[in-house]
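Let's take a walk through this structure together, from the inside outwards. Keep the viewer open as you read, so you can click along.

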Amino acid sequence: MLSSLEKYESALESERNDFNDKILVPFLSLTDEKQLLHFWICYCSDGVGMTQPVEMWIKKAGERCIDLGYTVLGNQLIKHAIHEANHDKMMVEDTKNLVDIWNKKYESKVTAEDFLSAPLKSSVISYQALHENTIKSDAPYGQIAIEYEIERLSATIGLQVLQHSGKVLGEEILSSLSFLTDHSRIDVAHTEYNKKALSQFLISSPETLDNLIISGKNALKTYGAFVRECYLNSVYLD
C-alpha cells in the first residue's frame, strides 16, 4: 500500500514531466547567444518580484498553520523562512552584471533600471497570487508543497541549466547567475528538508493530501508560466 507521500509523488509525476518537456527541453535547445543572454536578463529582473516576498510568504503561511492547529508544520515553515531572506538582492545584482555583459557585447545599449523598473509581468502577478491565496485559504499548509516543488526544480535541473548556459555563453557567465548557482547547491538540502516536513505532515494529517497535490501542481504551472514568459520575451533588443 502506498504511503501518503508516495501518493503525492505519483500525483505530481505528470506535472513534473510536463515542466521538463515544455520548459526545460526548449531552454536546452536555445543556442543563440544573444537570445539566451536576454532571457537571463529577463529572468533575473522579473525574478525580483518572484523572490522578494518569499520569506514573508513562508512565515505568514507558518503562522496561519499554527492558528489552524497545524503547529508542527507551522513551526517548520517559520524556521525555514529565514533561509529565503534577501534572495531578491541576488537577482538585482545578477541583472546589473548581465546588463553590463550585454552592453559590452552589443551595440544596442540598455540599463538595468530599464528592466528592474518595468511593470510586473502577468506570470509574476499570478505567482504572487498563488502564495497569497494559499496563505488566506483554509489550507495554508499548501505552502510546503509549493516550496517542495519550486526548490526541487533547482536541485534537479539547476545544474543542467547552468551547464547549458556556460556552454553557449562561456563559463564566465556563471558568476553573473549567482542566484541559480547558489540555489542549485543549497536547494538540494532544502528539498530534503521540505520532503521530510511534507512526509511528516501527511502522516499526521492524511486528509490534506488532495489539497497538497493541488498546491504542488499549481506551483509548477505558475512557475512554468513565468519561465515561459521570460523565454517568449527574450527577443533581440534592436
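What follows goes from the core to the cavity, and then on to some single residues.

Keep in mind that this is a predicted model. A good place to begin is the largest nonpolar core, which has 68 residues. If you want to find the members that touch the most others, pick out Tyr8, Trp40, Tyr43, Leu212 and Tyr223. Helix 8, running over residues 142–169, puts 11 residues into this core, the largest share.

Tyr8 deserves a closer look. Setting aside residues up to four places away in sequence, Tyr8 touches Arg16. Its list of partners goes on with Ala145, Tyr148 and Glu149, then Leu198 and Leu202, and finally Leu209, Leu212, Ile213 and Gly216. One of those partners, Leu212, is itself among the core members with the most contacts to other members.

Now for the empty space. How many cavities of 30 Å³ or more are there? The count comes to one, and the volume of the largest cavity is about 470 Å³. Its lining takes in 30 residues, and those closest to the centre are Tyr43, Ile150, Ser154, Phe179 and Tyr223. Two of these names should ring a bell: Tyr43 and Tyr223 also turned up among the core residues that touch the most other members.

Which elements build the wall? Those giving two or more residues to the lining are helix 1 (4–28), helix 2 (33–51), helix 5, helix 7 (122–136), helix 8, helix 9 (178–204) and helix 10 (209–233). Helix 8 gives the largest share here, with eight residues. As for chemistry, the lining divides into 20 nonpolar, six polar and four charged residues.

Helix 5 is our next stop, and Leu98 is a residue to click on there. Is Leu98 buried or exposed? With a relative accessibility of 0%, Leu98 falls under the 20% cut-off and so counts as buried. Beyond its neighbours within four places in sequence, Leu98 is in contact with Leu37, Trp40, Ile41 and Cys44, and also with Ile173, Ser176 and Leu177. Take Ser176 from that list: 78 residues separate it from Leu98 along the chain, yet the two C-alpha atoms are 6.1 Å apart.

Further along helix 5, which spans residues 87–105, you come to Asn103. A polar atom of the Asn103 side chain lies 2.8 Å from the backbone oxygen of Val110. Val110 also appears among the contacts of Asn103, together with Ser108 and Lys109, when residues up to four places away in sequence are left out.

Go back along the chain and you reach Asn86, in the loop between helix 4 (71–81) and helix 5. What about its backbone? Phi of Asn86 is near 65°, a positive value in a residue other than glycine. Asn86 counts as partly exposed because its relative accessibility is 46%.

Glu55 is in helix 3, residues 54–67. Its relative accessibility of 29% makes it partly exposed as well. Not counting residues up to four places away in sequence, Glu55 touches Ala81, Ile82, Glu84 and Ala85. For a sense of scale, try Glu55 and Asp210: they are 155 residues apart in sequence, and 25 Å apart from C-alpha to C-alpha.

Let's finish with two more residues. Ser4 belongs to helix 1, and its contacts, leaving aside neighbours within four places in sequence, are Leu202, Pro206 and Leu209. Leu202 and Leu209 were also on the contact list of Tyr8. Cys44 is 40 residues from Ser4 in sequence, with 36 Å between their C-alpha atoms.

The last residue is Ile203, found in helix 9. Why does Ile203 count as exposed? Its relative accessibility is 68%, and exposed means over 50%. Within the chain, Ile203 and Glu192 are 11 residues apart, and their C-alpha atoms are separated by 17 Å.

How values were computed
Residues numbered from 1 in each chain as written. Predicted model: local features only at pLDDT ≥ 70, side-chain atom pairs only at ≥ 80, totals over all residues. Heavy atoms only, no water. Core = buried A, V, L, I, M, F, W, Y, C linked by side-chain atoms within 4.5 Å. Buried < 20%, exposed > 50% of the residue type's maximum accessible area, 1.4 Å probe, protein only. Helix = DSSP H or I, 4+ residues; strand = E, 2+ residues; numbered from the N terminus. Contact = heavy atoms within 4.5 Å. Polar contact = N/O pair within 3.5 Å; in protein donor to acceptor, adjacent residues only side chain to side chain. 1 Å grid on protein atoms, 1.4 Å probe; cavity = no way out; pocket = protein on both sides within 12 Å on 5 of 7 lines; lining within 4 Å. Points joined across faces, edges and corners; volume = space filled by probe spheres on them. Nonpolar A, V, L, I, M, F, W, Y, C, P; charged D, E, K, R; others polar.
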